[in-house]
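Colleague: I would like to go through this model with you and ask where its labels come from.

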Amino acid sequence: MQKILEINHLTKKFGSFTAVNDISFSVEKGNVYGLLGPNGSGKSTTLGVILNILNPTQGNWKWFDEEPNKDTLKKIGAIIESPKFYPYLSAEKNLEIVADIKGVPYSKIDEKLELVGLLDRKKDKFQNYSLGMKQRLAIAGALLNDPQVLILDEPTNGLDPQGIIQIRELILKIASLGTTIILASHLLDEVEKVCTHVVVLKQGKMLFAGEVDHISASYGIIELNANNKDELIAALHQMPYFSKIVVKPKTIEAVLNTEVSTVEINQKLYEQGIILSHLVMRKDSLEHKFFQLIQQNN
């Protein structure tokens, strides 16, 4: 796959404070990448550097296999602060100003307003928009020149549940049209629902970079139960499929360390005289994987 962005040994210091500490990762075309970490982990600083807003202390990066320059940055749309528009102007008039700055025809305005679900509100003043609508208008502005990459810093910050869902659905829609997306977030649920890849940061250091499903070695979790619970626990401990077995009040959770079907597990236990009353395989959550990573790197 074509590399859209390649970061090599990036470090950014503010005096004696190291905000970003020797991170390296690449972004491939057509995916949604999440920079995940708590506040102060270096997400916004990383975005600021690759957008040429901040100068790095060390390291380098390339956009589209080129050194950063005016032409490469024109291929990138970004929202890294709260939406900035004229409050007394309509959405349409505000986007006309953005179109003038970017040198694109006004015909793009309705197209992008329709994409973000605001076409029927284009005559309304910006000050009358909800916070979620303001964010969607900012995304429309960032997309006016059809950038190849869209960068979003905490896109759902401060939104109500409905606004969060709307932004999440919009991100997926934009990605489905072929735009590569990089978003920074401290919300695990947001990253898990929209991102194909994740870069986990903690205090400026990178703990993981790769596909969301590969963030840990876990192949999922099996929930089981049986009338003869003690025998079931003993049998599970003898099986080679699990890295961890947790006994809960109503079920037993077994963390898989290899790929195996529930049919095979059921058969193996049946051969030992254990008849299961409950057997469900579920995907390990990003939250569980994230906290495993954090604990391992304390």
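**Labels and their cut-offs**

Colleague: What makes E1 and E2 a pair?

Modeller: Strand E1 (residues 3-14) and E2 share 8 bridges in the antiparallel sense. Two strands pair if DSSP finds at least two bridges between them, so E1 and E2 count as paired. Strands (E, at least two residues) and helices (H or I, at least four) are DSSP runs, numbered from the N terminus. One bridge joins Phe14 to Phe17 in E2.

Colleague: What kind of model is this, and how are residues numbered?

Modeller: The model is predicted, and local features need pLDDT of at least 70, while side-chain atom pairs count only at pLDDT 80 or more and totals for chains, interfaces and linings use all residues. Residues are numbered from 1 along each chain as its sequence is written, and side-chain values use heavy atoms, without hydrogens and water.

Colleague: Which strands are at the edges of the sheet?

Modeller: The open sheet has 3 strands in the order E2-E1-E4, with antiparallel pairing. Strand E2 (17-28) and strand E4 (58-63) are the edge strands, as each pairs on one side only.

Colleague: Why are H5 and H6 called roughly parallel?

Modeller: Helix H5 (residues 131-142) and helix H6 (residues 161-176) pack at about 15°, with axes 10 Å apart. Angles run from 0 to 180 degrees between N-to-C directions, and axes are lines fitted to C-alpha atoms, for helices over the stretch in contact (heavy atoms within 4.5 Å). Angles under 35 degrees count as roughly parallel, over 145 as roughly antiparallel, 65 to 115 as roughly perpendicular and the rest as oblique, so H5 is roughly parallel to H6.
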